[in-house]
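The exercises that follow are meant to be worked with the sequence and the coordinates side by side. Try each task before reading the solution beneath it.

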Amino acid sequence: MKVDIEREIQQSAEDSARRIRELLAARKVFAVNLISSPGSGKTTLIEAAIDAMRGKKRIAVIEGDIETDIDAARIRKHGVQAHQINTRSSCHIQPFLLLAALDHIDLDKTDLLFVENVGNLVCPAEVPLGEDVRIVALSVTEGDEKPLKYPLVFKTSDLLVITKTDLLPHVKFDPDRVKIAARAVNPGIEIFEISAVTGYGLPAFLRRIETLCDRKNG
Ligand code: MG
Ligand code: ZN
């Protein structure tokens, strides 16, 4: 019985993810699923993307947090559409919640949709949301052993962005160690290093997202 219920939940998650993918394809929206631990700079990264792509890409954002709409309010200050999902008991965005959240976004006025997942390196990796690209962010304050401890999220992500590199002089973090470990589980992963404070590496990273977005929508 338990197995049946688990299979059913799995099935409905896959159904919702497929519907999201079809909906976004029909409306020509490129979707990014952004995953990281709490506090590694996901919202800051999205804010930087909004400001850098103003006039080039129409961005919308769906924020996932267990509680509060602090992040959606932050994003709205940049003048783009934002909707907050509160997952309450769930430590990741479930596909049915994202599907419902898309009702609150005018997809015809959106080229690029950022979905900021709940801060968590574990189960968001197990749950495809129908995204075009999955990005994992890792800040230099979190330690360079993370790809060894949480391989699945690095294995299933297309891009890895190492954030807060301006803090490198103050922490024991070896970017090369991260790169080697991430590539061991995912040889194709593209790796960027950025600092939202100094702007280091941001243009190259954002250009890559734009290129991927253009590739989908021409
Ligand atoms: Mg956030
Ligand atoms: Zn979870």
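**Exercise 1. A residue with positive phi**

Is Lys164 buried, partly exposed or exposed?

Solution. The model is a predicted one, and every value used here is computed from it. Begin with the relative accessibility of Lys164, which is 27%. Buried requires under 20% and exposed requires over 50%, with partly exposed in between, so Lys164 at 27% counts as partly exposed. Next, place the residue: Lys164 lies in the loop between strand 6 (159–163) and helix 7 (175–185). Finally, turn to its backbone, where phi is near 65 degrees, a positive value in a residue other than glycine. Most residues other than glycine have a negative phi.

Now treat Thr68 in the same manner: in which loop is Thr68 found?

Solution. Thr68 is found in the loop between strand 2 (59–65) and helix 3. Its phi is near 75 degrees, again a positive value in a residue that is not glycine, and at 38% relative accessibility Thr68 counts as partly exposed.

**Exercise 2. The magnesium site**

Identify the protein donors of the magnesium ion (ligand 1) and describe how they are placed along the chain.

Solution. First, list the donors, which are Thr43 through OG1, Asp71 through OD and Glu116 through OE, lying 2.1 Å from the ion. Second, read their order in the sequence, where the spacing is T-x27-D-x44-E. Third, consider the pair formed by Asp71 in helix 3 (residues 70–76) and Glu116 in strand 4 (residues 112–116), which links distant parts of the chain, 45 residues apart. Fourth, check the accessibility of this pair: Asp71 counts as buried at 12% relative accessibility, and Glu116 counts as buried at 3%.

**Exercise 3. The zinc site**

Identify the protein donors of the zinc ion (ligand 2), and explain which parts of the chain a pair of them ties together.

Solution. The donors are Cys91 (SG), His92 (ND1) and Cys123 (SG), lying 2.0 to 2.3 Å from the zinc ion, and along the chain they follow the spacing C-H-x30-C. Cys91 lies in the loop between strand 3 (81–86) and helix 4 (95–101), while Cys123 lies in the loop between strand 4 and strand 5 (133–139), so the pair ties together parts that are 32 residues apart in sequence. As for accessibility, Cys91 counts as partly exposed at 34%, whereas Cys123 is buried, with a relative accessible area of 14%.

**Exercise 4. The nonpolar cores**

Which elements give two or more residues to the largest nonpolar core?

Solution. Start from the core itself, which has 30 residues and in which Val61, Leu112, Phe114, Ile135, Val161, Phe205 and Ile209 have the most contacts. The elements that give it two or more residues are strand 1 (30–35), helix 2 (42–53), strand 2, helix 3, strand 4, strand 5, strand 6 and helix 8 (202–217). A separate second core of 19 residues includes Leu24, Ala31, Ala101 and Val127. To look at one member of the largest core in detail, take Leu112: leaving aside its neighbours within four places in sequence, Leu112 is in contact with residues including Phe30, Val32, Met53, Ile209 and Cys213.

**Exercise 5. A serine in a loop**

Describe the surroundings of Ser157, a residue of the loop between helix 6 (151–155) and strand 6.

Solution. With 2% relative accessibility, Ser157 counts as buried. A polar atom of the Ser157 side chain lies 2.7 Å from the backbone oxygen of Val153. Beyond its neighbours within four places in sequence, Ser157 is in contact with Arg134, Ile135, Val136, Asn186 and Ile189.

**Exercise 6. The chain as a whole**

How does the radius of gyration of the protein chain compare with the value for a compact globule?

Solution. For 218 residues, a compact globule would have a radius of gyration near 17 Å, and the protein chain has 17 Å, which agrees. The secondary structure comes to eight helices and seven strands, and buried residues make up 52% of the 218 residues. Of the contacts with a separation of 6 or more, 71% are accounted for by residues 24 or more positions apart. The chain exposes about 10600 Å², of which carbon and sulfur atoms supply 53%.

Methods. Residues numbered from 1 in each chain as written. Chains lettered and ligands numbered in written order. Predicted model: local features only at pLDDT ≥ 70, side-chain atom pairs only at ≥ 80, totals over all residues. Heavy atoms only, no water. Donors = N, O, S within 2.8 Å, 3.2 Å for Na, K, Ca; no water. Helix = DSSP H or I, 4+ residues; strand = E, 2+ residues; numbered from the N terminus. Buried < 20%, exposed > 50% of the residue type's maximum accessible area, 1.4 Å probe, protein only. Core = buried A, V, L, I, M, F, W, Y, C linked by side-chain atoms within 4.5 Å. Contact = heavy atoms within 4.5 Å. Polar contact = N/O pair within 3.5 Å; in protein donor to acceptor, adjacent residues only side chain to side chain. Rg over C-alpha atoms; globule rule 2.2 N^0.38 Å. Areas by Shrake-Rupley, 256 points an atom, 1.4 Å probe, with all protein chains shown as cover.
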